[in-house]
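Me: I've got a structure open and want to talk it through. Can we keep it short?

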Amino acid sequence: MKTDTLIEMLARQAGPAPDFPVGRHLAAAASLGLLASSVLALALIGPLPAAVFYTAAPWIKLVYAVLLLVGTSALAARLSRPVSSTVMARAAVTSVFLLMLLAGAVTLITTPEGGRWSALLGQTWWICPWMLMMLSLPALTAILWAMRSLAPTRLKQAGFAAGLVAGVLGAMGYSLACPETSVAFVAIWYSMGIALTGWVGQWLGPKVLRW
Amino acid sequence: MKNYKQHSDFESGLKPLWLRAQSGNELAYQEALRLIAGRLRSYFRRHLMNLPDEVEDLVQETLLALHLHRDSYDPTQPVSAWVLGISRHKLMDLYRRRGRREALHEPIDGLEDDLAAEEPGETLAKRDLRSLLEELPRAQRIAIEMTKLEGLSLTQASKRTGVSESAIKVQVHRGLKRLAALVRKEPK
């Protein structure tokens, strides 16, 4: 077929361009991912005692995750199509992270000296990032799948953004089961787990987001 | 400077056509795709110095991709930037398929990488899309042949096949998507 024939064929009765379903597809994938990470956390680790939810600890994690979700999902949406600028979304993600780090530092300073190490490392620092990443994998799969149906052209960045969103959803699930209570712990180890998931996404992006 | 001017001429010629095409104007769409095809040809020719035979195939593959992903165009952005984003993606994809070293370097926005240049004429494509169409599932192939090649309206096609208009539209879209996948898979 000649290129000009192809052009005629593509244009013929093409109709108006449909709406770009980025919000719908990413939201559906994220909901699935959140469901998966919550169910996995409850089934594999077990829920925290109900009384814990009357304390601040799980809510700190959830608020941090929700704030990160805003920026990371905006980033993922923007990287799901060519050209659109990511400056604002990146700034949003970075500032939430830095604020959390600052909050962690402040609480650490106000902690009596003897308790600082345990506030920083808790009981589970060595497992938290890995557990969080593992709980994020279904979300990562779903989000990459959704992105593939859109039009990402910056594949490493898009994969990284997908990984960050998945990591945040994993953090939400994990917060239902994670016994740690200090702000500094969340600022360091939760962020580490989310970043790990981001790097997995960045590695996968160029491999699976091809079209 | 000369490049920049050519580039902005390209954009100012393309954008109004493209916007009309996006809202459903068939002739504007044709004309826009022709403009784009010319630029793609010279862009790919510059980047496929060692594979001149691939140029026209990649032009066709990219046009198909632009069509299938035209919903991803954001009207606040220049059309040429959107086209370039997808073309570059297609070029990288070709490199990766070939396992070429170039694939290791993700392209960065650079001055040499724009769509502004003279337009060489169409050469012969190695791969024939018409014969690839034959490999589509029957319903998709027929929907494409009737509405896209014979030029029947959706209503006429629906009457002739007894399938609803929206079903035909879906078959056409799926068929073109399948065609794009076949194009990428086809060993040469």
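Me: How many residues does each chain give to the contact?
Reply: This is a predicted model. In it, chain A puts 28 residues into the contact, and chain B puts in 40 residues.

Me: Which elements of chain B give two or more residues to that side?
Reply: Helix 2 (26-47), helix 3, helix 4 (79-97), helix 5 (129-133) and helix 6 (138-149) of chain B.

Me: And which of them gives the most?
Reply: Helix 4 of chain B, with seven residues.

Me: What classes of residue are on the side of chain B that touches chain A?
Reply: There are 13 nonpolar, 14 polar and 13 charged residues.

Me: New topic. At what angle do helix 1 of chain A and helix 3 of chain B cross?
Reply: Roughly 5 degrees. Helix 1 covers residues 3-11 of chain A, and helix 3 covers residues 55-68 of chain B. Their axes come within 10 Å.

Me: Roughly parallel or roughly antiparallel?
Reply: Roughly parallel, because angles under 35 degrees count that way.

Me: Which residues meet there?
Reply: From helix 1 of chain A, A:Thr3, A:Leu6, A:Ile7 and A:Leu10. They meet B:Glu56, B:Val59, B:Gln60, B:Leu63 and B:His67 in helix 3 of chain B.

Me: How do the residues of that contact divide by class?
Reply: Five are nonpolar, three polar and one charged.

Me: Switching again. What domains does chain B have?
Reply: The domain assignment gives domain 1 (1-123) and domain 2 (127-188).

Me: How many residues of each are in contact?
Reply: Seven residues of domain 1 of chain B contact seven residues of domain 2 of chain B. The domain 1 side has three nonpolar, two polar and two charged residues.

Key
Residues numbered from 1 in each chain as written. Chains lettered and ligands numbered in written order. Predicted model: local features only at pLDDT ≥ 70, side-chain atom pairs only at ≥ 80, totals over all residues. Axes fitted to C-alpha atoms, helices over the stretch in contact; angles between N-to-C directions. Helix = DSSP H or I, 4+ residues; strand = E, 2+ residues; numbered from the N terminus. Parallel < 35°, antiparallel > 145°, perpendicular 65-115°, else oblique. Contact = placed C-beta atoms within 7 Å. Nonpolar A, V, L, I, M, F, W, Y, C, P; charged D, E, K, R; others polar. Domains from an automatic or database assignment.
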